Amino acid sequence: MNNEIVSSWHQGELAVQQRAGTDERMAEVGPKFIREFMPQQHRDFFQSLSMIFLGYTEHCSNACASVLFGALGFIQSPTETELVINTQSTMGDFITEGLRVDDLIGLVGIEFDTKRRNRVNGIITDINQKNIKVKVLQSYGNCPKYIQPKVFVPNKSYSEFTTVSVDHLSQKYREIISNADTFFIASSFDDGQKFRSRGVDVSHRGGEVGFVSINAAGQLLVDDYVGNGFFNTLGNLLENPIASLLFCDWHTGHVLKIAVSSEILWHDEQQESMVLAAGKVKRSLCFTPKKIEQFNNGSAYIQAVQA
């Protein structure tokens, strides 16, 4: 197999691309658009953010999704292959306790008002009580599709943290999920090979309110809308179905983090055991919650109320 293809995609991504019919195009796209450095506009973009979403593996175990906040400049890019991120403003999960040098990490930044979105997957090269330094392994942009525009204001109750951990979806949690137009998913794949396609991804999922449904078994169902054809997340889930979902309640400032097992439901197969999220899409994702954590007042920002 072509070494450039191997370094751009791992076997899970290649398998999903082949089944979806994007494999030939991705063989050309990968080496061109997935870089080992950040162009200047991406460096400027990350340095302009006030929040960044991340995926990491806690003590080399399962993927975790989280978010960090900060004032303008809390992310710096000293070189085209480095990001330095201040980790002092978390959602109350204190992620640095679970991070180590040489851990792989996935990052996605979004400007919700302009619908710009860029991603970095990398490796932690330094960590202290204030910052983590990340070396870029993969850098690429994502299109603005499915990003629901928002304007944020500071959450005055931020940092008044309390945490609740349960193993089932209460009615309150079901309402947060059903009313969401955005969530984030952290997934991982690492077979020990030193290719830059291994590691952790965190991706954005968005749609109209109600795009995430919950079936009678308490499983979350999400249609996999047409995207860039990379299938980073689905490729990871094919190889490692354990993932982490992050739902931010932008109205209250609370955050839900849900550890799940995942299944890709192809609509060309008979799925008699459950009702699909339906529609004309070719795939759906089914998530079975294993652990639910609510981080009260975990978001530093809430959505501005429209006049």
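# Close-up views of a predicted model

**Figure 1. The β6–β7 hairpin.** Three residues separate β6 from β7 in this hairpin, shown here as it appears in a predicted model. The two strands are antiparallel and are joined by 10 bridges, with β7 covering residues 131-142. Within this pairing, N121 stands opposite Q138 of β7.

**Figure 2. The β5–β6 hairpin.** Strand β5 (residues 104-111) runs antiparallel to β6 (residues 116-127), and eight bridges connect the two. Four residues lie between the strands of this hairpin; one of the turn residues, K115, has a positive phi of about 65°. G106 has N121 of β6 as its bridge partner. N121 therefore has a place in both hairpins: in β6 it is the bridge partner of G106, and it stands opposite Q138 in β7.

**Figure 3. The seven-stranded open sheet.** The two hairpins belong to an antiparallel sheet whose strand order is β2-β1-β5-β6-β7-β4-β3. Its edges are formed by β2 (63-69) and β3 (75-76), each of which pairs on one side only. At the β3 edge, two bridges link β3 to the antiparallel strand β4 (residues 82-86). I75 has I85 of β4 as its bridge partner.

**Figure 4. Helix α4 against the sheet.** Helix α4, which comprises residues 40-47, lies across β1 (51-57), β3, β4, β5, β6 and β7. Relative to β6, the helix runs at about 80°.

**Figure 5. The crossing of helices α2 and α6.** Two packed helices are described by the angle between their axes and the distance between the axes. Here the axes of α2 (residues 11-20) and α6 (residues 232-239) come within 7 Å and cross at roughly 115°. Helix α2 is therefore roughly perpendicular to α6. The crossing of this pair is right-handed. On the α2 side, the contact is made by Q11, G12, E13, A15 and V16, and on the α6 side by N232, L234, G235, L238 and E239. By class, four of the residues in the contact are nonpolar, four are polar and two are charged.

**Figure 6. Burial along α2 and the residue that follows.** Which residues of α2 are buried? They are G12, E13, L14, V16 and Q17. Among them, G12, E13 and V16 also take part in the contact with α6. Just after the helix, G21 adopts a positive phi of about 85°.

**Figure 7. The surroundings of N297.** N297 is located in the loop between β16 (283-296) and β17 (301-303). Is N297 buried or exposed? Its relative accessibility is 13%, so N297 counts as buried, the cut-off for burial being under 20%. Apart from neighbours within four places in sequence, the residues in contact with N297 are N155, S157, Y158, S159, E160, F161, T252, G253 and H254.

**Figure 8. The protein chain as a whole, for orientation.** The views above are taken from a chain that contains six helices and 17 strands. Of its 307 residues, 54% are buried. Among contacts with a separation of 6 or more, 71% are between residues 24 or more positions apart.

Note on methods
Residues numbered from 1 in each chain as written. Predicted model: local features only at pLDDT ≥ 70, side-chain atom pairs only at ≥ 80, totals over all residues. Heavy atoms only, no water. Pairing = 2+ DSSP bridges. Axes fitted to C-alpha atoms, helices over the stretch in contact; angles between N-to-C directions. Parallel < 35°, antiparallel > 145°, perpendicular 65-115°, else oblique. Left-handed = near helix turned anticlockwise from the far one by under 90°. Contact = heavy atoms within 4.5 Å. Nonpolar A, V, L, I, M, F, W, Y, C, P; charged D, E, K, R; others polar. Buried < 20%, exposed > 50% of the residue type's maximum accessible area, 1.4 Å probe, protein only.
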